Amino acid sequence: MRTPKAALVGALCAGLSAALTACGGAGEDPDAGTNGVGKLDAAKIQDKATAAARGADAVHLSGSVVSQGSTYKIDMRLKKDGGTGQVATGAGAFELLRVGDELYLKAPAAFWSHGDGGGAVGGKLEKKYVKVPANDPSYQQFKGFTDKNVLLDGLLVLHGKLTRGDHGTVAGVRTIRVTGGDKGSGGTLDVSLTGTPYPVRVQRAGGAGQLELGDWGKDFALSVPDKSATVDYGKNIPTGADPSAGNGPSAGKDPSAGKS
């Protein structure tokens, strides 16, 4: 017959054993039950993540990007034929909507009142979708925030020697980390170990922002706004929306470009 003391010791040992197993006991394979990319070298992990990102039909991207000394907080849903969401800077926030080649900008009155726009223009354009003409200097700059492949190609680049880092989790998703440069100075990329090896978080080199990526392949509605809510200025939009004045990315610069 077991004594009460022996029974207690046995229960404690059983509980401890279960706890160690649940937490990943010594010798347990951290890649067990995963898609296997955690066993690859760093360069191959990055290649698979980049290929998965480019092949996905859609993505939700949110976080911050530092470019040309300005910080942009972005929350965008992107797919192959356009995107929609919000970009915020020190000068305020604005919404972007692109369907194919048609690009629209929606912003508060203060955004339009900057510079030569004047308060009168701002009042008229508030809560309206202003169509950005393809030949307007700001078109390519604003479009960069809505172009899935252009934005991701810039964001997913790591600099320096690549190293396979630790296993971890991001928003509950098991991940493997790839780091660039010395101790991640060239950026870090966390890649999903579940299903398709999508990138789920990127920390950009030089402290130039961090973004999380999710809803890979999840479709969303994207349509041109009703004409009653749209303003079309023709060749140019009001000068108050000049991105080079501080309301958007610097002229001629990719919004995903590195900090300078």
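**Entry 1: Tyr198 and Trp216**

I looked up Tyr198 first in this predicted model, and at 19% relative accessibility Tyr198 counts as buried, because the cut-off for that label is under 20%. I then checked Trp216, which is also buried, with a relative accessible area of 14%. The ring centres of Tyr198 and Trp216 lie 4.8 Å apart and their planes are at 5 degrees, so I entered the pair as stacked. Tracing the two residues along the chain, I found Tyr198 in the loop between E9 and strand E10 (199-203), and Trp216 in the loop between strand E11 (210-214) and strand E12 (230-232), so that the pair links distant parts of the chain, 18 residues apart.

**Entry 2: aromatic pairs elsewhere**

I searched the whole structure for aromatic pairs and came away with three. One of them joins Phe94 and Phe142 in an edge-to-face arrangement, with 5.5 Å from centre to centre and 75 degrees between the planes. Since Phe94 belongs to strand E4 (residues 92-99) and Phe142 to helix H5 (residues 139-143), this pair ties together parts that are 48 residues apart in sequence. I also looked up the accessibility of both rings' residues: Phe94 is buried at a relative accessible area of 1%, and Phe142 is buried at 0%.

**Entry 3: Lys79**

I wanted to know what the charged end of Lys79 sits over, and found the ring of Phe220, with the charged end 4.8 Å from the ring centre. The side chain of Lys79 also reaches the backbone oxygen of Phe220, at 2.7 Å. Lys79 is part of strand E2 (residues 70-79), and I noted that this lysine is buried, with a relative accessible area of 12%. Setting aside neighbours within four places in sequence, I listed the residues in contact with Lys79 as Asp57, Ala58, Lys148, Asp219, Phe220 and Leu222.

**Entry 4: strands E7, E8 and E9**

I followed the strand pairing from E7 (residues 162-170) to E8 (residues 173-180), where the two strands pair in the antiparallel sense over seven bridges. E7 and E8 form a hairpin with two residues between them, and in the turn I noted that Ala171 has a positive phi of about 50 degrees. From E8 I went on to strand E9 (residues 188-192), which is joined to E8 by five bridges and runs antiparallel to it. Ile176 let me trace the pairing across the three strands: in E8 Ile176 is the bridge partner of His167, and in E9 the bridge partner of Ile176 is Val191.

How values were computed:
Residues numbered from 1 in each chain as written. Predicted model: local features only at pLDDT ≥ 70, side-chain atom pairs only at ≥ 80, totals over all residues. Heavy atoms only, no water. Pairing = 2+ DSSP bridges. Helix = DSSP H or I, 4+ residues; strand = E, 2+ residues; numbered from the N terminus. Phe/Tyr/Trp six-rings, centres within 6.5 Å; stacked < 30°, edge-to-face > 60°. Buried < 20%, exposed > 50% of the residue type's maximum accessible area, 1.4 Å probe, protein only. Lys NZ or Arg CZ within 6 Å of the ring centre and 35° of its normal. Polar contact = N/O pair within 3.5 Å; in protein donor to acceptor, adjacent residues only side chain to side chain. Contact = heavy atoms within 4.5 Å.
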